[in-house]
Amino acid sequence: MVAEPTRLEWWKTGVVYQIYPRSFKDTTGSGTGDLPGITSRLGYLSDTLGVDAIWISPFYPSPMADFGYDVADYTDVDPMFGTLGDFDELLGEAHDSGLRVIIDWVPNHTSDRHPWFLESRGSRTNARRDWYVWRDPKRDGSPPNNWRSVFGGPAWEFDEQTGQYYLHSFLREQPDLNWRNPAVEAAMFDTLRFWLDRGVDGFRIDVAHFIMKDPDLTDNPRAVPSAGEADFKDLGDYDAWEHVNDKGHRDVHAVFRRLRSVLDEYDGDRFTVGEIHIFDWDRWAAYYGDGDELHMPFNFSLVWARWDAGAIRSRVEALEAAIPAFAWPNYVLGNHDEQRLATRYGPENERAAAVLLLTLRGQPTIYYGDELGLRETPIPGARLQDPWGLRVPGMSRDGCRTPMPWTPGPGHGFTDPTVEPWLPFGDDAQTRNVEEEFADEGSTLTLYRRMLRLRRNRTSLVAGTIEFLNGIPGDVLGFRRDLGNERTTVFVNFADEERSVDVEPGAALLLSTDHRRTGIGSGRLTLAANEAVVLDPGGDRRPI
Ligand code: NOJ
């Protein structure tokens, strides 16, 4: 099931940590985080926490209509975040600390202020007109087809000056590039080379499957409700349509094969992970190609799964069955678009979720602040920032993007104490912060630190096979990871009450979500409500 670990690339063995740069650390007193702020906290990431790579959400020059996912220049840094020199310093220091750096790349759309779009919208005949998707109105003046924007409303905006509509799958300030034009592909691949030349280790590709649409721009059919649908996020009007024509056209695979060959021009195991919200496993797994497309598509299947042993197990088994033998799985439980996991799964489960994330087979990505157990922060209406939330009530993503609390006290070590941060801190920041949690044996931060250390010391957790255990209570998930002679067993109790499972007589405790647990009984283990444990089943014979 898994390649022999003779040489596993860093992106297979490592744990990735996502940083939303606006919210990590402010060094200028602007109330918004910046690149030097990240540099100043690299020691926290590499040593205190112990992750292996960071993914930084966009920091490009941008009007910030979608907080950086509207890029006005792919080869520079927005002054709000610093300078290219600051980026080089961050990258150099990260590499010196043994951290890899992945940056966001946003190929589907630019900002409407990008010089390419300004030129494109200038006239019907200019050289860059075809760099975006322009079409005439229908006879009655309405948009060219029925496609909807993810953020609400039609996916078309009428341009008075030239009398045509342009396509925007997201905000009207984010016009879609026309990837069927080879000049667009060439220009965008050059932006990859710009960062690869500087030394970045990889890219997270924003809405990767969106870049190729049906060439005839055929209408989308109405959606047919399907089993399991309720497990996923309801996008309202957008979900009323089957998105078969406005994204994920099969021609996308040829683009990713060419993109892969750009990365392969470079040494050092450069890496790509695509943001791909597809929940049909075969279509999703197709983005691995024959090992010649993306290194992996992000796996969001657990994000909206119920916190339920059976639901989680069936998704993991479906993933394992869907991916080709060479492919490496990955898991994500939180990011800048989703409700905080501590709120989504319930605060009583966030610690078990951490153990699950870091023990399943595959690359885990931790979202900044989840290691503190940050909750979704309610944002008062007057302070809402997210354009999606401002357009569609209930869709705001601000609550998971609040500033990282480093210390107790005003400013929480994130910004100057006299400055109002761009989003408010959570109510519990006085106690739920890095300084307090570092000193607390029972904190979520301590659990993550221990779990990450354990993972580093236990190759079966990194590269072993995974096999689920049967004959245990239905609300307990049990699995083992095997590599050579090393075996690790994991139990996660999803019940709000105790559950007992059989274990090998000599099994030894490696870690529990309950820091007060010192061991396990011989042959039988009683798990506390919502507890997760990691065991060495042959612990008395092979102590670590
Ligand atoms: C996905 C990103 O994760 C999200 O934050 C952004 O708004 C959209 N893509 C549009 O770029």
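A polar contact is a pair of N or O atoms within 3.5 Å, of which, within protein, one must be able to donate a hydrogen and the other to accept it. The structure considered here is a predicted model, and one such contact provides a point of entry.

The side chain of aspartate 201 reaches the backbone nitrogen of valine 101 at a distance of 2.8 Å. Aspartate 201 itself belongs to the loop that runs between helix 6 (182-198) and strand 7 (202-205). Its relative accessibility is 4%, and aspartate 201 therefore counts as buried, the limit for that term being under 20%. When neighbours within four places in sequence are set aside, the residues in contact with aspartate 201 are Trp10, His95, Arg100, Val101, Asp269, Arg270 and Phe271.

A second loop, between strand 4 (134-135) and strand 5 (156-159), holds valine 150. Because its relative accessibility is 9%, valine 150 also counts as buried. Beyond its neighbours within four places in sequence, valine 150 is in contact with Ser169, Phe170, Phe210, Tyr238 and Trp388. Tryptophan 388 stands 238 residues away along the chain, yet the C-alpha atoms of valine 150 and tryptophan 388 are separated by 8.8 Å.

Attention may now turn to enclosed space. The model contains two cavities of 30 Å³ or more, and the second largest holds about 30 Å³. Trp147, Arg148, Ala155, Leu167, Ser169, Phe210, Tyr238 and Asp246 line this second largest cavity. Five of the lining residues are nonpolar, one is polar and two are charged. Domain 1 (10-107 + 182-449) and domain 2 (115-167) each contribute at least three residues to this lining.

Notes:
Residues are numbered from 1 along each chain as its sequence is written. This is a predicted model: local features need pLDDT of at least 70, side-chain atom pairs count only at pLDDT 80 or more; totals for chains, interfaces and linings use all residues. Side-chain values use heavy atoms; hydrogens and water are left out. On a 1 Å grid over the protein atoms alone, a cavity is a set of points where a 1.4 Å probe fits but cannot get out, and a pocket is an open set with protein on both sides within 12 Å along at least five of seven lines; lining residues have an atom within 4 Å of a point. Grid points are joined across faces, edges and corners, and a volume is the space filled by probe spheres set on the points. Ala, Val, Leu, Ile, Met, Phe, Trp, Tyr, Cys and Pro count as nonpolar, Asp, Glu, Lys and Arg as charged, and the others, Gly among them, as polar. Domain bounds come from an automatic or database domain assignment. Helices (H or I, at least four residues) and strands (E, at least two) are DSSP runs, numbered from the N terminus. Buried means under 20% relative accessible area, exposed over 50%, partly exposed in between (1.4 Å probe, protein chains only). Contact means heavy atoms within 4.5 Å.
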